[in-house]
Amino acid sequence: MNNSVDNSPLPHKHIQGTNGVETGFDLAKSFFCLIDCSNDWKEHDKLCVSLLQAICQLSIKQIDRCGLGFDSWEIRDEISSLRARAWAGADSRDEVSDKVRKQWKALEDLWPKKVEIISSYTANSHISRFPVLEKIEGGGTGRPSRYLVNWTEQSDLVADASEINSRKSSITNGQIKYVCEDIVDAGFIARVFAKGYELSSWRRWIFILIFFIPMFLGYCYAILLIFHLKNLGSSNFAPYIGSISIFGIAITILWLSLRKLWFVPTRKITLAPWWMQSTDDDRLLELRKPPQYPERILVAVRYSGHCPICGGKVYAKSGEWEFYGRIVGRCDEAPVEHVFSFDHVTKIGRFLRPH
Ligand SMILES: [Zn+2]
């Protein structure tokens, strides 16, 4: 079914083409796509995601009203129906209103983290627009606030993602598509990077101070120690063997802990260091910068896809010795055999074990 929105009451600034006539944008398909996408989020059972799905369902059922938004009580009823149990059923109108407002706020907080995965889903479904959360504030009694999802022309940022994704949608058999996932259950330091660490002005210097000054001081100390030992002559090494060993171990640990960060500026994406990893070793550090992204940040991410051979989940991980220095996609079901290349720009991979 193609629901052209020629007669839709969606605000004109959002839905009309340049000539004022919408060119057959399929609203129902777009809302279904957004529901599918949200079902894949790790937060899919949270109330704020149910709220999004409720708005999508209401929009599909009443496609000619979707641009006007839905009030808290319509949303409450739809959430109850989606979750198959009453939500805020016994509450007063004001209480329902408050609860929906609170969940809306949670959804707004979650939304920026989902831009990439939504963009991936819409591109794969050949949807040219991008959903945006909108609230129409009520005014006084009798005019409650209304909530809606509007499908806008794509912003520059999303357009870039879409261009990449449109290349992705032309994928042939045996290739894999990756999507960027949030880091879950991150420890304290990983959490800082999961939100994205801005590499500009003083933040950049803090990063350098914390991670590279200890290494620099270590090497200075090593050089001084070597000169000192050289001056002592070869017969007086014995008392220093203990401290040299400890120093060697300390430098090795420091190097193993920081070497991944060292490669970030040149490789743009690397495996995250061991102290940022989960047990799955699938966390990566990605350097993002303009013009593809609004600011220069270092962000901890995880890329996943579905194995075209067995349908298992594929995660971008270390290439180990066989693909030394590379990140590859490894299938959870057959991590040694189902191995794919990984490209964080196109987000496309190909099978690395041709028959
Ligand atoms: Zn597989």
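Start by selecting K347: with 22 C-beta neighbours inside 10 Å, this lysine counts as buried (20 or more other C-beta atoms within 10 Å of a residue's own make it buried, 12 or fewer exposed, anything in between partly exposed, with C-beta atoms placed from the backbone). Its phi is near 60 degrees, a positive value in a residue other than glycine. You'll find K347 in the loop between strand 12 and strand 13 (348–350); helices here are DSSP runs of H or I with at least four residues, strands are runs of E with at least two, and both are numbered from the N terminus.

Before moving on, a word on the model. It is a predicted one, where local features need pLDDT of at least 70 and side-chain atom pairs count only at pLDDT 80 or more, while totals for chains, interfaces and linings use all residues. Residue numbers start from 1 along each chain as its sequence is written.

**Next stop: E320**

Jump to the loop between strand 10 and strand 11, where E320 sits. Phi of E320 is near 50 degrees, again a positive value in a non-glycine residue. Most residues other than glycine have a negative phi. Is E320 buried or exposed, or partly exposed? It has 13 C-beta neighbours inside 10 Å, so E320 counts as partly exposed.

**Strand 11 and its partners**

Now select residues 327–331, which make up strand 11; 5 of its 5 residues are buried. Look along the strand: I327, G329 and C331 point one way, V328 and R330 the other, and all are buried. In a regular strand the side chains alternate between the two faces of the sheet.

Add strand 10 (residues 313–318), which pairs with strand 11 in the antiparallel sense over 5 bridges; strands count as paired when DSSP finds at least two bridges between them. To line up the two, find K317, which stands opposite V328. Strand 12 (residues 339–341) also runs antiparallel to strand 11, joined to it by 3 bridges. Here R330 is the residue to click, standing opposite V339.

**Working along strand 9**

Select 297–306 for strand 9, and bring in strand 5 (residues 179–181), its antiparallel partner over 3 bridges. V179 has S304 as its bridge partner. S304 also has a bridge partner in strand 10, namely Y315. Strands 9 and 10 run antiparallel and are joined by 3 bridges. They form a hairpin with 6 residues between them, and G311 in the turn has a positive phi of about 85 degrees.

Slide along to L298 in strand 9. Y197 stands opposite L298, and the bridge partner of L287 is L298 as well. The strands behind those pairings are strand 6 (residues 197–198), antiparallel to strand 9 over 2 bridges, and strand 8 (residues 284–288), antiparallel to strand 9 over 5 bridges.

**The largest core**

Select L34, L51, I55 and I75, the residues with the most contacts inside the largest nonpolar core, which has 31 residues. A nonpolar core here is a set of buried Ala, Val, Leu, Ile, Met, Phe, Trp, Tyr and Cys residues joined through C-beta atoms within 7 Å. Helix 2 (27–39), helix 3 (47–61), helix 4 (72–83), helix 5 (93–124) and strand 3 (146–152) each give two or more residues to this core. Helix 3 has the largest share, 7 residues.

Zoom in on L51. Leaving out residues up to four places away in sequence, L51 touches I75, I79, V100, Q103, W104 and L107; a contact means C-beta atoms, placed from the backbone, within 7 Å. Apart from this core lies another, of 26 residues, among them V179, Y303, V314 and A316.

**Helix 4 against helix 5**

Show both helices: their axes come within 9 Å and cross at roughly 75 degrees (axes are lines fitted to C-alpha atoms, for helices over the stretch in contact, and angles run from 0 to 180 degrees between N-to-C directions). Helix 4 is therefore roughly perpendicular to helix 5, a label for angles of 65 to 115 degrees, with under 35 roughly parallel, over 145 roughly antiparallel and the rest oblique. Helix 4 brings S72, W73, I75 and R76 to the contact, and helix 5 brings R93, V96, S97 and V100.

**Last stop: the three-stranded sheet**

Finish on an open sheet of 3 strands, order 1-3-2, with antiparallel pairing. Its edge strands are strand 1 (70–71) and strand 2 (130–136). Click F70 to find its bridge partner in strand 3, Y147. Helix 3 lies across strand 1 and strand 3, at about 75 degrees to strand 3.

How values were computed: Two residues are in contact if their C-beta atoms, placed from the backbone, lie within 7 Å.
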